[in-house]
Amino acid sequence: MNDAEYLAQARSLATAGYVVLSYTARGFWASGGQIDTAGPKDIADVSAAIDWLDANTTADPARVGLGGVSYGAGISLIAAGQDPRVRAVAALSGWSDLVESLYAGQTRHPQAVWLLQAAARLVGRPSAEFEQIVSDYFANRNIGGITAWGQLRSAETYLAGLRANQPAILLANAYGDSIFGPNQLVEFFGDLTGPKRLELSPGDHAIPELTGLAGLPNEVWASTRQWFDQHLRGGAAGGAPVVLRVRGGGVESYADWADVTGTSNRYPLSAASFRANGDTVANAGVVLLTNGLEALTGIPPLAWLPAVDRSRAAVWQTGLLPGGAAVRGIPRVHLTVTPGASTGTVVAYLYDVDLLGTGRLVTHAPYTWLSGGQQVIDLALPATAWNVPAGHRLALVLDTEDPLYLDANPYGAAVSVGGSSWVDVPLR
């Protein structure tokens, strides 16, 4: 997006007395240079913008805040680790670990990268480096080079600078963010030592902030305003360090992430076998759209579990939960897998299942192995806040394909799950 993306919020802040500068990142639209994807040139641009404000406006250089959505969020976090003048950050739908975003569970996420490439070619000027990285990613080569490129563009790489500079950092993301999953932000939040807040909301990438960009009332932008008021203007403190907007309704506050989960129920998984013969009705949908619709309608991705082909997947269900369950935190799946091929992929889906067998997707994640032999897999599913109604069940589905990911399964390869497997569900 160009600088007009933030016009509504810039006007609101300026009306309240802030000096506000929005700019278009290099390489996009009418901005100069070539796309750097939150690289060193982008970070230098942030410091140059602060220099310009100091020289040309009445802005106080001792009270500088940075904020942005997605691309702007990542740049803001990295810049705060390198420029000590930054005193507050609002990173909305951003990332802290770009390598994790590209290869979570050792699995490539093609839809997200394709969207970045399409945007770059449509409204930008991609650099030769950018085009090479994207080409290598889709060809599944030069993984070491891509990793180094991603680490240079990850806020966690600059954690020492953030700890030294101590900016106040607000992290806001969506449970269903299909580009930058929430778990990396949960871990990053725990590593920060200065003033901090983590907010998670229903939806997909940049969806929780969308109405605020249009100038409509918006909880995330209200938090951003309060955060800047508190840490740049000496306003009153507001909001707990961790805020969860529960999927389906409700807001919960916690003193720390460790307080989110009260107990964890372990459900053992019996032995099962299936083959990589194609996808099943269990899937996570389309990047941005599927989980984005949940934020607007409250309806998550659905699957009728009796229709899941048992020759292509394994399905485990709990008994009826008479009192329901409040799932809060990061569900974890432990699998002992004996694969029929040296490479392969499995995708784990946790569902809330009603009496008619309709499953509502609670969370999911893929995992890919790249060498043969028995695989012991510990898979952290994305963090969530979901209430299972009384009388429903929980179900885990394990198959081998999903539209969101590039799998490594030879067609027809067998997958056997051993009895030493389980799923841990975090509860309040």
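These legends accompany several close-up views of a predicted model.

**View 1. Helix H3, a helix under cover.**
Let us start with helix H3, which spans residues 71–80. How many of its residues are buried? The count is 10 of 10, and the helix is mostly covered. You can follow the buried residues along the chain: Tyr-71, Gly-72, Ala-73, Gly-74, Ile-75, Ser-76, Leu-77, Ile-78, Ala-79 and Ala-80. What do these buried residues pack against? Their helix neighbours are H2 (40–56), H8 (159–165) and H9 (182–191). Their strand neighbours are S1 (64–69), S2 (86–92) and S3 (168–174).

**View 2. An open sheet of six strands.**
Here you can trace six strands in the order S1-S2-S3-S4-S5-S6, and their pairing is mixed. At the edges stand S1 and strand S6 (251–254), each of which pairs on one side only. From one strand to the next, the twist averages 10 degrees. Look now at S3 and strand S4 (residues 196–201), which run parallel and are joined by six bridges. To find your place in this pair, look for Ile-169, which stands opposite Lys-196 in S4. Two helices from the first view appear again here. Helix H3 packs on the sheet and touches S1, S2 and S3, and its direction makes about 150 degrees with that of S1. Helix H9 also packs on the sheet, touching S3, S4 and strand S5 (242–245). The direction of H9 makes about 165 degrees with that of S4.

**View 3. An open sheet of five strands.**
The strands of this sheet follow the order S9-S14-S13-S17-S10, and their pairing is antiparallel. Why is one side of S9 and of S10 left without a neighbour in the sheet? Strand S9 (302–304) and strand S10 (314–317) stand at the edges, and each has a single partner strand, so there is no neighbour on one side. The twist of this sheet averages 35 degrees from one strand to the next. Strand S9 is joined to strand S14 (residues 358–369) by three bridges, and the two run antiparallel. One pair to look for is Ala-303 with its bridge partner in S14, Gly-359.

**View 4. Helices H6 and H7 crossing.**
A helpful idea comes first: two packed helices can be described by the angle between their axes and by the distance between those axes. For H6 and H7, the axes come within 10 Å and cross at roughly 130 degrees. The two helices are therefore oblique to each other. Their crossing is left-handed. Which residues make the contact? From H6 come Glu-129, Ile-133, Asp-136 and Tyr-137, while H7 brings Gly-145, Ile-146 and Trp-149. By character, the residues of this contact divide into four nonpolar, one polar and two charged.

**View 5. Two loop residues with a positive phi.**
Most residues other than glycine have a negative phi, so a positive value deserves a look. Where is Asn-140 found? This residue is in the loop between helix H6 (128–139) and helix H7 (143–152). The phi of Asn-140 is positive, near 60 degrees, although the residue is not a glycine. Asn-140 is partly exposed, and its relative accessible area is 38%. A second example is Gln-166, in the loop between H8 and S3. Gln-166 is not a glycine either, and its phi is positive at about 55 degrees. With 29% relative accessibility, Gln-166 counts as partly exposed.

**View 6. Helix H12 and strands S11 and S16.**
Which residues of helix H12 (residues 289–297) are buried? They are Thr-290, Asn-291, Gly-292 and Glu-294. Strand S16 (384–388) is included in what covers these buried residues. Just after H12 comes Gly-298, whose phi is positive, at about 80 degrees. Now turn to strand S11 (residues 325–329), where four of the five residues are buried, so the strand is largely enclosed by the rest of the structure. Strand S11 pairs with S16 in the antiparallel sense, over five bridges. To locate this pairing, find Ala-325 and its bridge partner in S16, Val-388.

Key. Residues are numbered from 1 along each chain as its sequence is written. This is a predicted model: local features need pLDDT of at least 70, side-chain atom pairs count only at pLDDT 80 or more; totals for chains, interfaces and linings use all residues. Side-chain values use heavy atoms; hydrogens and water are left out. Buried means under 20% relative accessible area, exposed over 50%, partly exposed in between (1.4 Å probe, protein chains only). Contact means heavy atoms within 4.5 Å. Two strands pair if DSSP finds at least two bridges between them. Axes are lines fitted to C-alpha atoms, for helices over the stretch in contact, and angles run from 0 to 180 degrees between N-to-C directions. Angles under 35 degrees count as roughly parallel, over 145 as roughly antiparallel, 65 to 115 as roughly perpendicular and the rest as oblique. A crossing is left-handed if the near helix is turned anticlockwise from the far one by less than a right angle, and right-handed if clockwise. Ala, Val, Leu, Ile, Met, Phe, Trp, Tyr, Cys and Pro count as nonpolar, Asp, Glu, Lys and Arg as charged, and the others, Gly among them, as polar.
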